[in-house]
Amino acid sequence: KLEPDLRAAVIIGSRARTDHPADQWSDLDILVFVADVESYVTDGGWAEQIAPVWLNFVERTPDGAAWERRVLYAGGLDVDFALNPVAWLSAIIANGIPRDMADVMRRGYRILVDKDGLLGQVSRMPLPHTPLLQQPAQDEYLNAVHDFWYHTLWTARHLRRGELWWAKSGCDGRLKALLHQLLEWHTLATRGPAVDTWMRGRFLEEWADPRAVIELRDCFAHYDAQDIARALLATMDTFRWLALQTAAAWQYSYPEAAEQAISRLVLETIAPLTSA
């Protein structure tokens, strides 16, 4: 009953790419454009009409802007149906292709369904030349650096209190997200915009600084107080030199005095754990 509501669908990701194409572990990513997104979100029966299903659930897209239905079909094929209103295609035709969509299209796509010809129109539109990753302004860079050092002390204090879940979430969640941001910026600052940093850490081992890739081995922690303390210090060390080199390349200021004071306080806070 929902099929007439589906107006367009396009394959993206590894199964449409020539660079880093699909392998035996790849999922299948499909952008689906429908008139009534809510029907596809609340009723997953349409996905089960395709083939036998092991798992079927919905979640927000990484940017939180839309829904996607994740389906694991019998045998292990993982299909990610990203659900979008068909009106979105008309808005793109009227206003131009946004940078994030242009980044996806450059990597490759295959149109599966185009009942109204809207995907065909989008495919003939010029792609914006502005890369998805751009040099941040001084204020944006400093905000990320301040955020990182603030949460090193936050993590250390929760760790010293014995709150391992929160401390590990700080070390391997918040701080790693900011470290990833610096890895991208550092690559942009030192190697230029021609280097593809992909998205959300994809293929990081190929584009990030080799020294940082090696150091990442020590930056993640077990669920153990002493190991979280060790990983926290390793994360701080890696972030520090990445942030300093990035600031030097872009001639940005760096809060060195504050960082040194916070680092000393972190060391004092977790000293009983690092000396054990």
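Let me start with the network of salt bridges that links Glu59, Glu68, Arg70, Asp78 and Asp80, a salt bridge being a side-chain nitrogen of Lys or Arg within 4 Å of a carboxyl oxygen of Asp or Glu. Please keep in mind that this is a predicted model, in which local features need pLDDT of at least 70 and side-chain atom pairs count only at pLDDT 80 or more, while totals for chains, interfaces and linings use all residues. Residues are numbered from 1 along each chain as its sequence is written, and side-chain values use heavy atoms, with hydrogens and water left out.

Within that network, the side chains of arginine 70 and glutamate 59 meet at 2.8 Å, N to O. Arginine 70 belongs to strand β4 (residues 67–73) and glutamate 59 to strand β3 (residues 53–60), so this pair ties together parts that are 11 residues apart in sequence; strands here are DSSP runs of E, at least two residues, and helices are runs of H or I, at least four, both numbered from the N terminus. Arginine 70 is buried, at 18% relative accessible area, whereas glutamate 59 is partly exposed at 28%, where buried means under 20%, exposed over 50% and partly exposed in between, with a 1.4 Å probe and protein chains only.

Now to helix α7, where aspartate 172 forms a salt bridge with lysine 168 at 2.9 Å, N to O, and another with lysine 176, whose closest N and O atoms are 3.0 Å from those of the aspartate. Lysine 168 lies 4 residues from aspartate 172, about one helical turn, and lysine 176 is likewise 4 residues from aspartate 172. Aspartate 172 is buried at 18%, lysine 176 is buried at 9%, and lysine 168 is partly exposed at 23%.
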